[in-house]
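Colleague: Please put the model up. I would like to go through its fold and its interior.

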Amino acid sequence: MNANRLTTPKEKVQQLREKLGHAAETNKRRRFHALYDKVCRLDVLWEAWRSVRANKGAAGVNGETLADIEKKGESLFVEECRERLLQKRYRPQPVRRHYIPKKDGRKRPLGIPTIQDRVVQMALKLVMEPIFEADFQDCSFGFRPKRSAKQALERIRKACNRKGNWVVDVDIQGFFDNLGQEKLMKLVEMRISDRRVLKLIRQWLGAGVMEEGKVRRSDLGTPQGGVISPLLANIYLNYFDGLWEKHGKAVGALTRYADDFVVVCKTRKDALHAHKLIQAIMARLELTLHPEKTRIVGLWTGEEGFDFLGMHHRKTKAETGRSQVYYTTRQWLCKKAEMHIREVVKERLAPPSMRSASFEEHVKWLNPKIQGWKNYYTTPYSTKWMAKLDWYIRQRLTKWYAKKRQRRRWRGSGNEIKILSQVHGLKTLLKVARA
């Protein structure tokens, strides 16, 4: 690398994050008092804007879209954010409430901040994250740099195979709505003493939610959808991780992804003890476990399994080369994930309005999704499910094609779809495409 080469804003921000992370790692008791000026840095705000733009997303309560900002000028927008922060004129707006329908008929609330609020939150996240990363435990995988759901699944598989025959499958009831804001701020203050940064976080927590033209504020919770919310959630639940490391490690192996976690134990007695310990720590955090979704699962007979991060986990019989029988943990996509994939494909191909699209257009839309599902859900034990989904995608395309051609019977179009799939390079979920 040329030593005289100008450092890019991205590299400068990365250097800043590395320095902050190193300082936090070197001194576990250090409190950072000069962070606000780093949030206001132009390179940090530019990186924050690029990240928000890449994530796309809808407009907040002010109706301003990403396209509006690009039209008026990105440099002007970033400078405006910086000026407001430096002159202490920045005031976060309420988040716009949006509901995502669930399969059980209920709706999951999502908070959509304005784009300016998302950019400022991202700038603070870039500065805060490396500091708290130094404190986070190895059992935590959700919304962390260089950590993934796949790593969490592998940790669980190994824990189950190390005589982990009992699992405490935990669901926190309404975590994002019931998170204690004052407790959260005390946990943040253990590492950050910069009053301006603390004020920013308090303003976001207190900005409230706008629904049907009315703003509702609460001293509980952090809106799902906020850029900084996952980091704040990890800071809050790191308290649980730390106590588990001290008092629960001998009882069972904890794996947490955001607010979902499981504890793998060797015996039923350990699992029952783990459940009581989890309840006690959650009480300190003023959180409760969902009475129906939290359960203790016995794996050792292979009759029961559990779902976590879109995968079903179950012990099944296997044989060694010497015909010795043993149980091993196998993972494949759960029913909920399978139904989701089917729904996505159906929503694309079933509507009459989609008949005007070409086969090539559908393939261009489907291929990235198929590749994503394949990357995540493929395991040595998922062949049967992947083959079923490949067949379903082909069947849906055949039905679409028959209706496009105004044919009464769709099955006769199968061979044409087979040829078109090969010509246009339709991807398959199975590693090797079937002839």
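Colleague: How many helices and strands does the chain have?

Modeller: This is a predicted model, in which local features need pLDDT of at least 70, side-chain atom pairs count only at pLDDT 80 or more, and totals for chains, interfaces and linings use all residues. Residues are numbered from 1 along each chain as its sequence is written, and side-chain values use heavy atoms, without hydrogens and water. Helices (H or I, at least four residues) and strands (E, at least two) are DSSP runs, numbered from the N terminus. The chain has 16 helices and eleven strands.

Colleague: What share of the residues in the chain is buried?

Modeller: Buried means under 20% relative accessible area, with a 1.4 Å probe and protein chains only. The chain has 435 residues, and the buried share is 48%.

Colleague: Which helix gives the most to the largest nonpolar core?

Modeller: A nonpolar core is a set of buried Ala, Val, Leu, Ile, Met, Phe, Trp, Tyr and Cys residues joined through side-chain atoms within 4.5 Å. The largest one has 80 residues, and Met128, Ile201, Ile235 and Ile278 touch the most other members. Eleven residues of this core come from residues 115–133, which form helix H6.

Colleague: Which residues is Ile201 in contact with, leaving aside its neighbours within four places in sequence?

Modeller: Contact means heavy atoms within 4.5 Å. With those neighbours left aside, the partners of Ile201 are Leu124, Met128, Met185, Val188 and Leu232.

How values were computed: Buried < 20%, exposed > 50% of the residue type's maximum accessible area, 1.4 Å probe, protein only.
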